[in-house]
Amino acid sequence: MTIKIQRVATTNSDLLNLIQELNDFFNEEWGTEVAQSYQNHHNLAEMACAVVAYEEGKAVGCGCWKLLDEQTPEIKRMYVKQTNRGNGAAGKIMQALESDMLEKGYQQAVLETGKEMVGAIRFYERHGYRIIPNYGEFVGDELCICMKKILEKA
């Protein structure tokens with residue numbers, strides 16, 4: 001099966017449906033109150049790039065990035081449907097986001113994820129991200145960890 005990555009508008013219905021699934025997962029995993037407390041970090045209007053992964057014409061995953069500061073893009077809203085994990089979609093989403101960042105002249109990327117999301121942490125580590133001290137609003141947040149990667153052209 002072939003995974004195709006498509007850059008989309010932040011109003012794209014496939015992207016919005018996937019993000020709703022992601023939000024539902026967070027609500028279930030941590031409770032609505034905790035999940036809602038992070039929503040200000042996920043404002044789609046702030047995203048510089050959004051992509052959707054398609055497998056056989058069906059949307060199976062997504063990812064976005066926004067600027068954290070003038071030099072640092074931050075990966076946001078990474079998600080692949082449970083039934084499609086392990087098929088390479090997440091890696092292709094990450095590659096598309098990083099390529100877009102490099103094309104725009106950025107040389108590093110950061111992200112934040114849940115401290116208990118071991119599978120996600122391992123995925124990011126396999127793709128060159130390393131744990132760093134929490135930045136910005138995540139400083140002192142015991143529920144999450146932050147990661148960083150120096151981007152290089154393939």
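**Helix α3, the strands around β7 and the aromatic pairs**

A good place to start is helix α3, residues 89-103: its 15 residues should span 21 Å at 1.5 Å a residue, and the C-alpha atoms at its ends lie 21 Å apart, so expectation and model agree. The model examined here is a predicted one. Several positions of α3 are buried, namely Ala 89, Gly 91, Ile 93, Met 94, Leu 97, Glu 98, Asp 100, Met 101 and Leu 102. In an α-helix there are 3.6 residues to a turn, so residues three or four places apart point the same way. The list of buried positions in α3 includes Ile 93 and Leu 97, as well as Glu 98 and Met 101. Just past the helix, Gly 105 adopts a positive phi of about 95 degrees.

Stepping back to the whole chain, the secondary structure amounts to 4 helices and 7 strands, arranged along the sequence as β-α-α-β-β-β-α-β-α-β-β. The chain has 154 residues, of which 45% count as buried. Among contacts with a separation of 6 or more, 63% are between residues 24 or more positions apart. The exposed area of the chain is about 8,500 Å², and 48% of it comes from carbon and sulfur atoms.

Strand β7, residues 144-150, is a helpful guide to the later part of the chain. This strand is mostly covered, with 5 of its 7 residues buried. Strand β5 (residues 108-114) runs antiparallel to β7 and is joined to it by 7 bridges; here Leu 111 faces Met 147 of β7. Strand β6 (residues 130-132) is also antiparallel to β7, through 3 bridges, and in this pairing Ile 132 stands opposite Cys 146 of β7.

Aromatic side chains round out the picture, with 4 aromatic pairs counted. One of them joins Tyr 124 and Tyr 129, edge-to-face, with 6.2 Å from centre to centre and 65 degrees between the planes. Tyr 124 and Tyr 129 are both buried. Another pair brings together Tyr 135 and Phe 138: the ring centres are 5.7 Å apart and the planes meet at 85 degrees, over the 60 needed, so this pair too is edge-to-face. Tyr 135 has a relative accessible area of 12% and is therefore buried, and Phe 138, at 3% relative accessibility, counts as buried too. Finally, Phe 123 belongs to one aromatic cluster together with Tyr 124 and Tyr 129.

Key: Residues numbered from 1 in each chain as written. Predicted model: local features only at pLDDT ≥ 70, side-chain atom pairs only at ≥ 80, totals over all residues. Heavy atoms only, no water. Helix = DSSP H or I, 4+ residues; strand = E, 2+ residues; numbered from the N terminus. Buried < 20%, exposed > 50% of the residue type's maximum accessible area, 1.4 Å probe, protein only. Contact = heavy atoms within 4.5 Å. Areas by Shrake-Rupley, 256 points an atom, 1.4 Å probe, with all protein chains shown as cover. Expected span 1.5 Å × (residues − 1). Pairing = 2+ DSSP bridges. Phe/Tyr/Trp six-rings, centres within 6.5 Å; stacked < 30°, edge-to-face > 60°.
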